[in-house]
Amino acid sequence: MNIEILKCHGSNNDFVLIDEMTGAYSFSEEDRIMIAKTLCNREGIVGADGILFVLNSNVAEAQMRMFNPDGSEAEMCGNGLRCVARYVTEKLGKDEVVIETPEANLPVVKREEMYEDIPSFEVNIEPVSFETSSLPLQSPHQIHIEQPIPTLSKDLTFTALSVPNPHLITVVPEVHDENLSWLGKVANQDKELLPNGVNVSYVQPLGDQKIFVRTYERGVGLTNACGTAMSASALTTVIVEMNQLNEEIFVFNRGGFVICTALKDGDDYVIKLRGNATYVYSSTIQLDEATSEITEVKDRKLFEAENHAYAKMQSYAQEQITL
Ligand SMILES: N[C@@H](CCC[C@H](N)C(=O)O)C(=O)O
């Protein structure tokens, strides 16, 4: 099969976007899983942290389905949603649209550039739940905020929340990649504790309304950034009174930065996630269904100017982390 792909990223959390609205595809669920495993493979020709399938919707301007490199489908993807937001708004010539996702129809809007020449979008991250049953997490607590999980760590405390994909957040004085990687693997192997797996994040405070977040993503491993994890982390720092509700929180990561604002509407929280949506290249690939191998890549078009602009933003972000 021939598939037109758009390689894109949010905070260097990179995706392959496939437009099923205009492309004459008729993918089965098995096809989508195979496509995710094949195209995300870092040892293959493309390599990515996930696939964004953009489909028609009966209730919104478009629908997003996100698949991890292991072929599992996620309830939500914050960085990916910004890329889909850009793709759909540009395609329809609008500044804001609603995107259907597995658990919510979410408003997305084009915003002023957060850095020179960086296309920037804001998306809603919701529904948010602190009920342990929403992840689910096997816990003696109905709400698990800054509590230990003895099978994961003797020293750390964790906050569990779904946004609506599942997250465990732990605030640490310093981020150690090896520890996080170990913790992420153990948490995702323990199906009694976390039957649906979990995204695990370390949050390092950097000052007033400023944090650094590193995430082990379910179905992927350590990534440069995870939009839902940064949103869940920002909200967690508000809940533990480290940062302020209704105020912008600058969230730095390995691939750049985003701006999160946690809001409360009655009893419900919602997080606004603002950040880049950058196109890397587009091309057409030929995928052999029998062998699941990419046999040809053609018409590769690199988005040189915006990649150059993003490199500048990333250098700025890395400077902020080390200040
Ligand atoms: N990188 C994404 C989250 C992708 C899904 C995640 N790995 C999961 O399985 O929940 C983001 O930007 O939110």
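## Loops with unusual backbone geometry

Let's start with P136, which is found in the loop that runs between β8 (120–125) and β9 (147–148). In this predicted model, the peptide bond joining L135 to P136 is cis, with an omega of about -10 degrees. The loop between β8 and β9 also holds E146. Although E146 is not a glycine, its phi is positive, near 45 degrees. If you are checking backbone torsions, L135, P136 and E146 are handy places to look.

Another cis peptide bond runs from V163 to P164, and its omega is near -5 degrees. P164 belongs to the loop between β10 (157–162) and β11 (166–171).

## Polar contacts with the ligand

Now for the ligand. On the nitrogen side, a polar atom in the side chain of N13 lies 2.7 Å from a ligand nitrogen. Ligand oxygen is met by backbone and side chain: a polar backbone atom of N79 is 2.9 Å from an oxygen atom of the ligand, and an N or O atom in the side chain of N165 is likewise 2.9 Å from a ligand oxygen. How much of the ligand's exposed area does the protein bury? Taken alone, the ligand exposes 360 Å², and the protein buries 100% of that.

## The shell and its cavity

The ligand's place in the model is the largest cavity. Two elements, α2 (78–92) and α4 (227–239), each give two or more residues to the shell around the ligand. There are 15 residues around the ligand, and those that come nearest are N13, G78, R218, G227 and T228. Sorted by class, the shell is made up of eight polar, five nonpolar and two charged residues.

## Between two domains

Where does the ligand lie with respect to domain 1 and domain 2? Domain 1 covers 2–121 + 277–319, while domain 2 covers 132–275. Both domains give residues to the shell around the ligand, so the ligand lies between them.

How values were computed. Residues are numbered from 1 along each chain as its sequence is written. This is a predicted model: local features need pLDDT of at least 70, side-chain atom pairs count only at pLDDT 80 or more; totals for chains, interfaces and linings use all residues. Side-chain values use heavy atoms; hydrogens and water are left out. A residue is near a molecule or strand if one of its heavy atoms lies within 4 Å of it. A polar contact is a pair of N or O atoms within 3.5 Å; within protein, one must be able to donate a hydrogen and the other to accept it, and residues adjacent in sequence count only if both atoms are side-chain atoms. Accessible areas come from the Shrake-Rupley method with a 1.4 Å probe; for residues, only the protein chains shown count as cover. On a 1 Å grid over the protein atoms alone, a cavity is a set of points where a 1.4 Å probe fits but cannot get out, and a pocket is an open set with protein on both sides within 12 Å along at least five of seven lines; lining residues have an atom within 4 Å of a point. A molecule sits in a cavity or pocket if more than half of its atoms lie within 2 Å of its grid points. Helices (H or I, at least four residues) and strands (E, at least two) are DSSP runs, numbered from the N terminus. Ala, Val, Leu, Ile, Met, Phe, Trp, Tyr, Cys and Pro count as nonpolar, Asp, Glu, Lys and Arg as charged, and the others, Gly among them, as polar. Domain bounds come from an automatic or database domain assignment.
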